[in-house]
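Me: Hi! Could you walk me through the charged pairs in this one, step by step?

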Amino acid sequence: MTLVEREPSGSTDIIPGVEYGTFEKKTIYSEVCNRNKNFNVLLPAGYSCDKEYPVLYIFHGYWGNEDSLLDAGNPNYKIRKIIGNAIYV
């Protein structure tokens, strides 16, 4: 296995015919922080609450927030496109 530091070329491109998921903002109360904490969930295209899905957790790191990895938060991180294209391939 080879470890790479960047996603493959084209992995952030919009591919015609690929259905990309949608983000939903959620909130949970943290007893550790004693306040509400926001997070985003990327629901796959065609999501159904009647179906179970695998889960992938992506953390933004110390200086970010829950929106840092969204296209609008930092355009260098195109998580929705990277994951959508990886599922498509």
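Reply: Sure, and keep in mind that the model is predicted. A good place to start is glutamate 24, which forms a salt bridge with lysine 26. The closest N and O atoms of that pair are 3.1 Å apart.

Me: Is glutamate 24 buried, partly exposed or exposed?

Reply: To count as buried, a residue has to be under 20% relative accessible area, and exposed means over 50%. Glutamate 24 has a relative accessible area of 33%, so the label for glutamate 24 is partly exposed.

Me: And what about lysine 26: buried, partly exposed or exposed?

Reply: Here the relative accessible area of lysine 26 is 34%. Buried is under 20% and exposed is over 50%, with a class in between. That makes lysine 26 partly exposed.

Me: How many salt bridges does the structure hold?

Reply: You've already met the one between glutamate 24 and lysine 26. Glutamate 66 also forms one with lysine 25, with the closest N and O atoms 3.1 Å apart. Then lysine 25 meets aspartate 67 in another, at 2.8 Å from N to O. For the structure, the number of salt bridges is 3.

Me: How many residues apart in sequence are the parts that glutamate 66 and lysine 25 tie together?

Reply: Glutamate 66 lies in the loop between strand S2 (35–43) and helix H1 (79–88). Lysine 25 is in strand S1, residues 22–30. So the pair ties together parts of the chain whose separation in sequence is 41 residues.

Me: Which residues are linked in a network of salt bridges?

Reply: Lysine 25 pairs with glutamate 66, and lysine 25 also pairs with aspartate 67. The lysine 25 and aspartate 67 pair links distant parts of the chain, strand S1 and the loop between S2 and H1. The network is made of Lys25, Glu66 and Asp67.

Me: What is the relative accessibility of aspartate 67?

Reply: Lysine 25, one partner of aspartate 67, is partly exposed at 44%. Aspartate 67 also counts as partly exposed, and its value is 26%.

Me: Is proline 54 buried or exposed?

Reply: Proline 54 lies in the loop between S2 and H1. A residue needs over 50% relative accessible area to be called exposed. Proline 54 has 80% relative accessibility, so proline 54 counts as exposed.

Conventions: Residues are numbered from 1 along each chain as its sequence is written. This is a predicted model: local features need pLDDT of at least 70, side-chain atom pairs count only at pLDDT 80 or more; totals for chains, interfaces and linings use all residues. Side-chain values use heavy atoms; hydrogens and water are left out. A salt bridge is a side-chain nitrogen of Lys or Arg within 4 Å of a carboxyl oxygen of Asp or Glu. Buried means under 20% relative accessible area, exposed over 50%, partly exposed in between (1.4 Å probe, protein chains only). Helices (H or I, at least four residues) and strands (E, at least two) are DSSP runs, numbered from the N terminus.
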